[in-house]
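Hi everyone, thanks for making time. I'd like to walk you through one structure today, so please have a look at it on the screen before we start.

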Amino acid sequence: QVQLVESGGGLVQAGGSLRLSCAPSKSTFSFNAMGWYRQAPGKQRELVADITRGGSTNYAASVKGRFTISGDTAKNTVFLQMNSLKPEDTAVYYCNARRRVLATDLDYWGRGTQVTVSS
């Protein structure tokens, strides 16, 4: 089973920045896409941003212009640079990796890293 390991969460004041990183715990097959989701207390998990192997990116409207996703497809790593953080960005952030096998998408998840933005 593939294990994704996140790092970089923490506590920051509003307006500050954090950088999240995610990589598999050991070498594994290549993913078709990787991304970040978040879940705030009492809310559903939502997509923050994702990036395909080809480099195409997609962002939630609430983070566009503030967050930047990047990746190293050769190493199966993905990063999320978060700038101008707001209290509403407070959530557990989960790394996701997707692999397509015979027209079926297989999703892999990290355990999550807490991001807390104080006002």
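Let me begin with a puzzle: which ring does the charged end of Arg-45 sit over? Take a moment to find Arg-45 on the screen. The ring belongs to Tyr-94, and the charged end of Arg-45 sits over it, 3.7 Å from the ring centre. A word of caution before I go on: what you see is a predicted model. Arg-19 offers another case, with its charged end placed over the ring of Phe-79 at 4.5 Å from the centre.

Staying with rings, let's turn to how they pair with each other. A pair of aromatic rings is described by the distance of the centres and the angle of the planes. Searching the whole structure turns up four aromatic pairs. One of them is Phe-29 with Phe-31, an edge-to-face pair with 5.7 Å from centre to centre and 85° between the planes. Phe-31 is buried, at 4% relative accessibility, while Phe-29 is partly exposed, at 29%. Ring pairs also bring in Tyr-108, giving a cluster of Phe-29, Phe-31 and Tyr-108.

Now for Tyr-37 and Trp-109. Their ring centres are 5.0 Å apart and the planes meet at 70°, so this pair is edge-to-face. Tyr-37 belongs to strand β4, residues 33-39, and Trp-109 to strand β10, residues 104-109, so the pair ties together parts that lie 72 residues apart in sequence. Tyr-37 is buried, with a relative accessible area of 17%, whereas Trp-109 is partly exposed at 34%.

On to the inside of the structure. The largest nonpolar core contains 29 residues, and those with the most contacts inside it are Trp-36, Leu-80, Met-82 and Tyr-93. Several strands give it two or more residues, including β3, β5, β8 and β11. Which strand gives the largest share of this core? That would be β9, with four residues.

Tyr-93 is worth a stop, and you will find it in strand β9. Its relative accessible area is 0%, so Tyr-93 counts as buried. Beyond four places in sequence, Tyr-93 is in contact with residues including Glu-6, Leu-20, Trp-36, Val-48, Phe-67, Leu-80, Met-82 and Val-115. For those of you who think in polar contacts, the side chain of Tyr-93 makes one with the side chain of Arg-38, at 2.9 Å. The Tyr-93 side chain also reaches the backbone oxygen of Asp-89, at 2.6 Å. And if you like sequence separation, Tyr-93 and Gly-9 are 84 residues apart along the chain but 8.1 Å apart in space, C-alpha to C-alpha.

Met-82 is another of the residues with the most contacts inside the core. Setting aside residues up to four places away in sequence, Met-82 touches, among others, Gly-16, Leu-18, Arg-66, Tyr-93 and Val-115.

Arg-66 appears in that list, so to speak, from a loop: its place is between β6, residues 57-59, and β7, residues 67-72. Is Arg-66 buried or exposed? Arg-66 is buried, with a relative accessible area of 11%. What does its side chain reach at 2.9 Å? The answer is the backbone oxygen of Ser-84. Other contacts of Arg-66, again leaving out neighbours within four places, include Gln-81, Asn-83, Lys-86 and Asp-89.

Next, the covalent link. One disulfide is found in the whole structure, formed by Cys-22 and Cys-95 with their sulfur atoms 2.0 Å apart. The link is left-handed, with -85° about the S-S bond. Cys-22 sits in strand β3 and Cys-95 in strand β9, so to place them in sequence, they are 73 residues apart. Both Cys-22 and Cys-95 are buried.

Last, a quick look at the backbone. Most residues other than glycine have a negative phi, and most peptide bonds are trans. Asn-76 has a positive phi of about 55° although it is not a glycine. Asn-76 lies in the loop between β7 and β8, and at 5% relative accessibility it is buried. Ala-103 also has a positive phi, near 70°. Its place is the loop between β9 and β10, and Ala-103 is exposed, at 66% relative accessibility.

That's my tour, and I'm happy to take questions.

How values were computed. Residues are numbered from 1 along each chain as its sequence is written. This is a predicted model: local features need pLDDT of at least 70, side-chain atom pairs count only at pLDDT 80 or more; totals for chains, interfaces and linings use all residues. Side-chain values use heavy atoms; hydrogens and water are left out. Buried means under 20% relative accessible area, exposed over 50%, partly exposed in between (1.4 Å probe, protein chains only). A polar contact is a pair of N or O atoms within 3.5 Å; within protein, one must be able to donate a hydrogen and the other to accept it, and residues adjacent in sequence count only if both atoms are side-chain atoms. Contact means heavy atoms within 4.5 Å. Rings of Phe, Tyr and Trp (its six-membered ring) pair if their centres lie within 6.5 Å; planes under 30 degrees apart count as stacked, over 60 as edge-to-face and the rest as tilted. A charge sits over a ring if NZ of Lys or CZ of Arg is within 6 Å of the ring centre and within 35 degrees of the ring normal. A nonpolar core is a set of buried Ala, Val, Leu, Ile, Met, Phe, Trp, Tyr and Cys residues joined through side-chain atoms within 4.5 Å. A disulfide is a pair of cysteine sulfur atoms within 2.5 Å.
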